[in-house]
Amino acid sequence: MKRLLIMLAGTVSLLLGVAFWLTDGEPRVAMTAEPAPLQHLLERHTPTFLPAEGVYEIEATEADLKQLFVTLVQKYPQWHVKGVDIELMEQKALIRSSVQVGPRYLNVTSLVGIRGNKPELLEVQLADQVLPEWLVNLAIENTQQIARLEPVWQMYQSIERVRIAPQRVVLAYHWSERMVSALNKQGKDFLFSPADQQRITMYLVAAHKYAEQSKVKREPLPKLFQQLFQLAQQRTQTGESAVDENRALLTALALYHSNLDLSDYKVPKALLKQRKRFYLNKRKDLARHFVLSAAMSLYMGDRLTDSVGLLKELDDSRNGSGFSFYDLAADRAGIRFARQATKSETLAKQLQAMLAVSVDEAMLVPAFKKLPEGMSTKQFEAEFKDTQSEGFKQLLQSIDSQIEASPLYRKPNVIAE
């Protein structure tokens with residue numbers, strides 16, 4: 001027993017010595033960029049919602065990657081990363097980071113290169129010591145066994161090719177339903193804080209309970225809106241942020257109307273069976289377009305969400321039900337609604353006050369008359385040529401003008417925050 005204790009003490013002492021040898025008293029790397037909201041980064045560089053399966057390219061500058069790395073490490077303080085930097089070279093990237101270990105710092109330098117068209121970790125250096133290749137490979141193999149990281153590896157496998165050059169990187173990846181499923185499993189932990197997840201779950205449960213109690217076959221979406229915004233107003237009156245409540249509400253509505261598995265959001269199984277579609281202007285597709293675009297704009301930004309909606313309609317003109325300006329109008333109305341609901345505490349409270357009392361369909365999506373729909377590519381090109389034509393732009397301006405005429409967007413009386 002005494003011999004065992006001596007061996008244990010010796011092992012601990014050796015590990016402490018190695019740890020001290022590999023760590024420094026100061027971090028060698030500082031944060032080299034300011035963090036950015038994830039929705040800002042998504043808007044500019046990550047087309048999270050794409051219209052069809054296929055290979056897409058994403059391009060980012062060195063500054064973009066620095067900003068992304070800083071955003072990630074600040075989102076996860078438990079990683080104890082105190083500094084991070086990235087340098088792009090010809091077909092290589094050098095990533096430096098400083099991780100706090102007790103009162104000292106472990107300074108890590110990682111060299112990423114290209115093998116078989118995919119990025120691969122070529123070398124890892126702790127302090128001034130290069131780790132053996134077998135040890136790096138062993139660490140990678142072990143991380144592949146971690147269930148929580150499975151979506152990360154699935155996304156890595158979707159990479160078709162990558163090109164690294166000084167100051168920029170271009171990555172081509174294959175977008176598929178499998179990748180959507182992987183993102184859904186971990187996306188909520190990446191995009192939403194624990195408090196946001198609780199809010200989203202609460203509104204999801206409320207929506208399912210309302211659907212369970214409804215006896216109407218084609219339930220109008222405004223009725224659900226009124227119920228949920230009454231709840232949002234009540235929570236705001238207890239001191240919660242109106243912007244946070246509205247964002248969670250819209251996110252929950254989009255999840256409810258999506259085809260995603262909601263079991264991770266702790267909605268009771270009995271309620272999940274009551275999931276039903278709601279309608280806008282007697283059409284369930286308009287309700288779905290409205291709520292999905294509203295939520296997407298919160299995390300992707302208005303511009304990219306609008307582009308995704310347009311791409312979806314163009315794809316429909318080739319392979320689906322045809323280009324529909326009604327769907328496009330619902331997309332744009334959802335984007336406008338989300339902007340009003342989350343722009344400021346004042347506007348968020350004003351919207352809650354209006355919708356908690358009464359909601360009609362025209363407030364959300366005007367009853368547009370005689371908009372073109374079901375257009376094939378040939379019909380669309382014959383009528384408008386392309387999306388840059390004056391005729392197309394004028395029709396969009398007419399749609400936007402009718403949306404802006406909603407009582408929701410007229411200048412209301414100021415409500416004190």
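This is a chat about contacts, charges and a few unusual residues in a predicted model.

User: Let's start with charges. How many salt bridges does a search of the whole structure find?

Analyst: The search turns up 15 salt bridges. As background, side chains of opposite charge can pair when their charged atoms come close.

User: Ok, pick one. Which residue does Glu245 meet in a salt bridge?

Analyst: Glu245 pairs with Arg199, at 2.9 Å from N to O. This pair links distant parts of the chain, since Glu245 is in helix H9 (residues 242–257) and Arg199 is in helix H7, 46 residues apart.

User: And are Glu245 and Arg199 buried or exposed?

Analyst: Both Glu245 and Arg199 are buried.

User: What about Arg283, which side chain does that one meet?

Analyst: Arg283 forms a salt bridge with Asp327, and the N to O distance is 3.8 Å. Arg283 sits in the loop between H10 and H11 while Asp327 is in helix H13, so the pair ties together parts that are 44 residues apart in sequence.

User: Why does Asp327 count as buried?

Analyst: Asp327 has a relative accessible area of 6%, and buried means under 20%. Its partner Arg283 is partly exposed, with a value of 23%.

User: Which residues do salt bridges that share partners join into one network?

Analyst: The network takes in Asp196, Arg199, Arg235, Glu240, Asp244, Glu245 and Arg247. You've met two of its members already: Glu245 and Arg199, whose side chains meet in a salt bridge.

User: One more of these. How far apart are the closest N and O atoms of Arg96 and Glu87?

Analyst: They are 3.5 Å apart, and the two residues form a salt bridge. Arg96 is partly exposed at 26% relative accessibility, and Glu87 is partly exposed too, at 32%.

User: Now the surface. Which residues gather in a patch of positive charge?

Analyst: The patch on the surface is made of Lys217, Arg218, Lys282 and Lys284.

User: Where is Lys217, exactly?

Analyst: Lys217 is in the loop that runs between helix H7 (194–213) and helix H8 (221–237).

User: And why is Lys217 called exposed?

Analyst: Because its relative accessible area is 76%, and exposed means over 50%.

User: Switching to rings. How many aromatic pairs are there?

Analyst: The count comes to 10 aromatic pairs. One of them is Phe225 with Phe337, which is edge-to-face, with 5.5 Å centre to centre and 65 degrees between the planes.

User: Where do Phe225 and Phe337 lie?

Analyst: Phe225 is in helix H8 and Phe337 is in helix H13 (residues 325–342), so this pair ties together parts that are 112 residues apart in sequence. Both of these Phe residues are buried.

User: Which residues form one aromatic cluster with Phe225 and Phe337?

Analyst: Phe229 and Phe290 join Phe225 and Phe337 in that cluster.

User: Someone told me to look at phi angles. What's up with Gln91?

Analyst: Gln91 has a phi near 60 degrees, which is a positive value in a residue other than glycine. You'll find Gln91 in the loop between strand S3 (81–89) and strand S4 (92–101). Gln91 is partly exposed, with a relative accessible area of 29%.

User: And what is phi for Asn281?

Analyst: Asn281 isn't a glycine either, yet its phi is positive, about 50 degrees. Asn281 belongs to the loop between helix H10 (269–272) and helix H11 (284–300). Its relative accessibility is 22%, so Asn281 counts as partly exposed.

User: Last topic, backbone distances. What separates the C-alpha atoms of Leu204 and Leu255?

Analyst: Those C-alpha atoms are separated by 8.0 Å, although the residues are 51 residues apart along the chain. Leu204 is in helix H7, and at 0% relative accessibility Leu204 counts as buried.

User: Same for Gly25 and Leu106, what's the separation?

Analyst: Their C-alpha atoms are separated by 9.0 Å, and the two residues are 81 residues apart along the chain. Gly25 sits in the loop between strand S1 (23–24) and helix H2 (38–45). With 42% relative accessibility, Gly25 counts as partly exposed.

How values were computed: Residues are numbered from 1 along each chain as its sequence is written. This is a predicted model: local features need pLDDT of at least 70, side-chain atom pairs count only at pLDDT 80 or more; totals for chains, interfaces and linings use all residues. Side-chain values use heavy atoms; hydrogens and water are left out. Patches are made of residues with over 30% relative accessible area and no salt bridge: like charges are joined within 9 Å, nonpolar side chains (Val, Leu, Ile, Met, Phe, Trp, Tyr) within 5 Å. Accessible areas come from the Shrake-Rupley method with a 1.4 Å probe; for residues, only the protein chains shown count as cover. A salt bridge is a side-chain nitrogen of Lys or Arg within 4 Å of a carboxyl oxygen of Asp or Glu. Lys and Arg count as positive and Asp and Glu as negative; His and the chain ends are not counted. The place of a charge is taken as NZ of Lys, CZ of Arg, CG of Asp or CD of Glu. Helices (H or I, at least four residues) and strands (E, at least two) are DSSP runs, numbered from the N terminus. Buried means under 20% relative accessible area, exposed over 50%, partly exposed in between (1.4 Å probe, protein chains only). Rings of Phe, Tyr and Trp (its six-membered ring) pair if their centres lie within 6.5 Å; planes under 30 degrees apart count as stacked, over 60 as edge-to-face and the rest as tilted.
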